Structures are given as C-alpha cells and as structure tokens.
Amino acid sequence: MSALDLVRTELRQLRGYSSARMEASGGRVLLNANESPWPGIADPDGTLQRYPDAQQPADLVAGLADLYGVPAANVLVARGSDECIDLLTRATCRAGVDAVLVSPPTFAMYAVCAGIQGASVLNVPLDPARDFAPDFRRLREVALAETVKLVYVCTPNNPTGGIAPAEPVLALARELAGRALVVVDEAYAEFADAPSLAPRAAQPGNLVVLRTLSKAHALAGARVGALVADAGLVALLRRLLAPYPIAVPCARAALAALAPDALAATRLRVAAIRAERTRLAGAFARLPGVRAVFPSAANFLTARLDAASATYAALLAAGIVVRDVGGYPGLEDCLRFTIGTPGENDALLGVLARRERVA
Ligand SMILES: *Cc1c(COP(=O)(O)O)cnc(C)c1O
C-alpha cells in the first residue's frame with residue numbers, strides 16, 4: 001500500500017497542465033508563451049514579464065527542503081498551508097462518500113475545505129481535562145470504522161496552543177496505513193520545543209506534515225506554505241496544483257527569508273516571542289479576572305476570562321484587537337492573544353489591569 005492508493009482513483013492517471021514554459025525553457029527569443037515582448041509599464045525591470053521556468057520554483061523547493069531537513073522530492077510548495085489543506089482534501093475525498101477527522105477546538109480550515117469538497121467532518125474533541133490533548137484511542141476507532149481519508153493533528157494546536165506528543169501520532173499513522181493520511185499541521189512548530197515530524201513524513205507512507213512561512217518567518221502576506229510527504233504523493237499533488245501557484249515576488253521574498261542571516265534573525269525573534277509568552281502567561285495568571293491560561297507552545301496564549309466579551313470590547317475600544325474564540329466548542333469565555341512586541345504586550349496588559357481596578 002502506498003500513499004497514492006489513498007488518492008481518488010480518477011486522479012491517479014491525471015497528467016496535469018503542461019505550459020509553454022514548462023515544455024521548453026532557455027532560448028534567447030521567447031515566442032512560445034504569448035507573453036508581452038516588452039516589460040510592463042508598472043514593472044520597468046521586467047521582473048514580472050515572463051512566466052516562471054517551472055511550476056514549482058526549484059530554488060525555493062530546495063531551500064524549504066533544507067530548512068525542514070528533507071529531500072526536495074518530498075516537498076510541495078503552495079500558497080500557504082491553507083492551499084495544502086485544500087489540495088489534500090480534493091485529492092483524497094470523494095464527495096458524499098469520504099470524511100475527514102478533526103479534533104475540535106482546532107483550526108477551522110480543515111472543516112471548511114471538507115465542506116467545499118462535499119466530504120463530511122467527524123469530530124473527536126480534544127480533552128479539556130488534559131490541557132486539550134488529542135484522544136488518540138478514539139481517533140483510531142473512528143478512523144477505522146468510517147471512510148475517513150484525512151486525520152488532522154494540529155500541533156501546537158490553534159487555538160489552544162498545546163502539543164501532541166510524537167509517539168502516538170506516529171503510531172496512529174502506522175495503524176491507519178493504507179486507509180487514511182495523518183496530516184500533522186506544524187504551522188507553529190518554530191515556537192515549540194518538540195522536534196518536527198517532517199523527516200518522518202518524507203519517508204514512504206501516510207504521514208504528511210504541513211509547514212508555513214506565515215508565522216515565525218513573518219511572511220503571511222506572501223502566502224508560502226509547504227507540504228512534506230511521500231514523494232509519489234507530492235508528485236501527484238503537483239499535478240493538481242495551478243500551473244504557476246507561487247508569484248515571482250512571493251518566491252523572492254520566501255527565498256530571502258531562507259538566507260542564513262535571515263534565518264538567524266528569525267531564530268532570535270522566535271526566542272523573543274517565547275520569552276514574551278512566558279512573561280504574558282505569568283502576568284495573566286496574576287489578573288483576578290483570568291480563570292485559566294492554557295499552556296501554549298505557539299505564538300499566542302488562549303485564556304478563559306470572567307468577562308470575555310466585555311474584555312474584548314474594552315480592548316477594542318483601546319485599539320487592541322484580539323481573537324474571540326468563544327464560539328469554539330469548549331472555549332466559552334475564551335480569548336486568544338497573539339504575542340506581540342514587548343511594547344504591544346505592555347499595552348495589552350495595561351488595559352487588562354485597568355479593567356481589573358475598575359471592576
Ligand atoms: C495560520 C495557520 C495556518 C495557515 O497558514 P498559511 O500558510 O498562512 O495558509 C495553517 N494551520 C494553522 C493551524 C494555522 O494556525
């Protein structure tokens with residue numbers, strides 16, 4: 001059984017679009033792709049005049065492969081991990097037949113993509129009594145009983161911040177081999193101590209890891225994410241992806257972020273976010289209106305408050321926007337606070353402390 005056996009039958013033979021630039025690159029006079037012979041008025045250097053050479057920018061794939069410690073053949077680069085989630089759903093789920101399995105409260109895109117594809121969503125809630133840890137025994141039971149194609153494990157989990165230990169994730173993948181892909185969303189891995197499962201996902205099998213440059217690498221607007229998986233699955237997903245998914249300026253920004261100096265600077269910033277996370281968690285715990293602060297390995301803290309809506313409104317009135325996550329099951333009265341700069345965090349704490357004095 002290979003990961004490709006989990007792909008919709010009709011897609012396995014799909015050849016995908018073959019563009020002019022992909023069929024023949026090089027040459028001096030380029031008259032094969034119906035591009036403009038002149039640079040654009042808004043692009044005098046001609047940076048954007050031509051289609052890229054390859055569907056996947058080879059230097060960016062190689063850079064991401066280095067960053068995640070895996071071979072390039074195991075890396076798919078797409079417009080954010082959001083697009084990777086969409087691709088996986090379309091590739092594996094038959095409308096009206098298959099399902100995805102999620103552990104709420106978790107990232108909403110898994111269910112959104114399933115809904116668009118006509119796949120159903122099965123839930124095995126995180127355990128609020130154990131810091132919102134996944135229930136691996138139940139995940140396995142449900143996945144084996146139903147036509148589940150994708151099992152999502154978000155670690156650190158958004159919006160609760162907790163980590164899923166590696167061993168049960170790997171065991172789950174082994175138990176579901178040939179039946180479902182286990183998709184580990186590591187959007188916040190840089191902020192955690194736990195090692196990435198990307199090297200494991202690069203081996204043949206049904207484990208998939210999602211990474212992104214949107215969070216720790218500060219490139220949310222560039223929309224660059226990556227999927228690490230079995231090389232055969234990566235090759236198939238490339239054929240489902242748009243002809244040139246990564247715009248030239250976005251590929252450039254991403255490559256610049258992968259230069260050694262940039263990576264060193266990013267590591268310092270991640271350390272600063274982690275230090276601020278510790279400071280904020282301590283300060284929150286001392287505020288009487290805060291009932292609980294969930295342990296977080298990500299760049300945010302989620303807390304349960306006595307008066308979440310009023311606190312949200314007071315922060316908004318002070319120009320500080322946080323996320324009201326009270327609509328997630330089990331997170332009633334909870335707000336999620338992204339860790340900002342030390343100055344931004346001081347401003348946040350200032351408003352929270354003032355509210356306590358008034359109350
Ligand atoms: C932010 C986030 C993403 C989306 O990342 P993009 O690469 O920007 O699409 C994926 N998964 C989780 C859990 C997130 O919180």
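Trainee: Which element gives the largest share of the shell around the ligand?
Mentor: Helix 4, residues 80–92, with three residues. Helices here are DSSP runs of H or I with at least four residues; strands are runs of E with at least two, and both are numbered from the N terminus. This is a predicted model, so local features need pLDDT of at least 70 and side-chain atom pairs 80 or more, while totals for chains, interfaces and linings use all residues. Residues are numbered from 1 along each chain as its sequence is written, and side-chain values use heavy atoms, without hydrogens or water.

Trainee: What makes a residue part of that shell?
Mentor: One of its heavy atoms must lie within 4 Å of the ligand. The shell holds 13 residues; the closest are Asp185, Tyr188, Thr212, Ser214 and Lys215.

Trainee: How do the shell residues divide by type?
Mentor: Four are nonpolar, five polar and four charged. Ala, Val, Leu, Ile, Met, Phe, Trp, Tyr, Cys and Pro count as nonpolar; Asp, Glu, Lys and Arg are charged; the others, Gly among them, are polar.

Trainee: Why is the pair between Asp185 and the ligand called a polar contact?
Mentor: The term needs a pair of N or O atoms within 3.5 Å. A polar side-chain atom of Asp185 lies 2.6 Å from a ligand nitrogen, so the pair qualifies. The side chain of Tyr188 puts an N or O atom 2.6 Å from a ligand oxygen. Ser81 uses a backbone N or O atom, 2.6 Å from an oxygen of the ligand.

Trainee: What share of the ligand's accessible area does the protein cover?
Mentor: On its own the ligand has 390 Å² of accessible area, and the protein covers 94% of that. The areas come from the Shrake-Rupley method with a 1.4 Å probe.

Trainee: What makes strand 2 and strand 4 a pair?
Mentor: Two strands pair if DSSP finds at least two bridges between them. Strand 2 and strand 4 have three bridges, in the parallel sense, so they pair. Ala99, for one, has Val148 in strand 4 as its bridge partner.

Trainee: Where does helix 7 pack?
Mentor: Helix 7 packs on the sheet and touches strand 4, strand 5 and strand 6. Contact means heavy atoms within 4.5 Å. The direction of helix 7 makes about 155 degrees with that of strand 5. Axes are lines fitted to C-alpha atoms, for helices over the stretch in contact, and angles run from 0 to 180 degrees between N-to-C directions.

Trainee: What is the strand order of the four-stranded sheet?
Mentor: The order is 8-9-11-10, in an open sheet with antiparallel pairing.

Trainee: Why are strand 8 and strand 10 called edge strands?
Mentor: Each has a single partner strand, so one side of each lacks a neighbour in the sheet. Strand 9 and strand 11 pair over five antiparallel bridges. There, Thr302 stands opposite Arg336 in strand 11.

Trainee: Which helices lie across strand 9?
Mentor: Helix 11 does, running at about 5 degrees to strand 9. Helix 12 does too, at about 35 degrees to strand 11.

Trainee: Which peptide bonds are cis?
Mentor: Among them are Pro104 to Pro105, with omega near -5 degrees, and Thr155 to Pro156, with omega near -5 degrees. Pro105 sits in the loop between strand 2 and helix 5. Pro156 is in the loop between strand 4 and helix 7.

Terms used
A polar contact is a pair of N or O atoms within 3.5 Å; within protein, one must be able to donate a hydrogen and the other to accept it, and residues adjacent in sequence count only if both atoms are side-chain atoms.
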